[in-house]
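Trainee: Please choose one part of this structure and take me through it slowly, together with whatever lies around it.

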Amino acid sequence: MITWRRHDLLRDTYERSFDIICCRNVVIYFTEAAKTELYKRFCDSLRPGGLLFLGATESIPNVRSVGLLPSGLTFYRRP
Ligand SMILES: C[S@@+](CC[C@H](N)C(=O)[O-])C[C@H]1O[C@@H](n2cnc3c(N)ncnc32)[C@H](O)[C@@H]1O
């Protein structure tokens, strides 16, 4: 069950309680400040235990500061 919608990651509001967010090879275009803000928004949008999936070459420095925990290669979990 998937709903497709347009969503500007930098401008639009975020829904809540996602089980998983897949965001591969998108934040590579953003500034470091924008990336940090985005990761915090992703964290807030996940349900507890929810996962963020990034691309293979992407990682989150200081991942705990955005509220997430590493959960395997390119996966991060909201505690
Ligand atoms: C390199 S492509 C990656 C596409 C796909 N995620 C993949 O891994 O094959 C980058 C994508 O980021 C999207 N993008 C860039 N800025 C965005 C923004 N502010 N909000 C949402 N998507 C954005 C572009 O539309 C493009 O589809």
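Mentor: Helices (H or I, at least four residues) and strands (E, at least two) are DSSP runs, numbered from the N terminus. The part I choose is L54, which lies in strand β2. Residues are numbered from 1 along each chain as its sequence is written, and side-chain values use heavy atoms, with hydrogens and water left out. Please keep in mind that this is a predicted model, in which local features need pLDDT of at least 70 and side-chain atom pairs count only at pLDDT 80 or more, while totals for chains, interfaces and linings use all residues.

L54 counts as buried because its relative accessible area is 0%, where buried means under 20%, exposed over 50% and partly exposed in between, with a 1.4 Å probe and protein chains only. Once its neighbours within four places in sequence are set aside, L54 is in contact (heavy atoms within 4.5 Å) with C23, R24, Y39, I60, T74 and Y76. One of these, C23, is 31 residues away along the chain, yet the C-alpha atoms of C23 and L54 are separated by 5.2 Å.

Another of these partners, T74, belongs to the loop between β3 (69-70) and β4 (75-77). T74 is buried too, because its relative accessible area is 10%. With its own neighbours within four places in sequence left out, T74 is in contact with L52, F53, L54, G55, A56 and E58.

Two other partners of L54, Y39 and I60, lead to the largest nonpolar core, a set of buried Ala, Val, Leu, Ile, Met, Phe, Trp, Tyr and Cys residues joined through side-chain atoms within 4.5 Å. This core has 18 residues, and those with the most contacts inside it are Y39, F42, L52, I60 and L68. Two or more residues each come from β1 (18-23), α1 (32-45) and β2 (46-54), and α1 gives the most, with four. In soluble globular proteins, nonpolar side chains tend to be buried together. F42, with its neighbours within four places in sequence left aside, is in contact with L9, Y14, I21, C23 and L52.

Finally, R24, also in contact with L54, has a side-chain N or O atom 2.3 Å from an oxygen atom of the ligand, which falls within the 3.5 Å allowed between N or O atoms in a polar contact. Taken alone, the ligand exposes 590 Å², of which the protein buries 50%, areas that come from the Shrake-Rupley method with a 1.4 Å probe.

Methods: A polar contact is a pair of N or O atoms within 3.5 Å; within protein, one must be able to donate a hydrogen and the other to accept it, and residues adjacent in sequence count only if both atoms are side-chain atoms.
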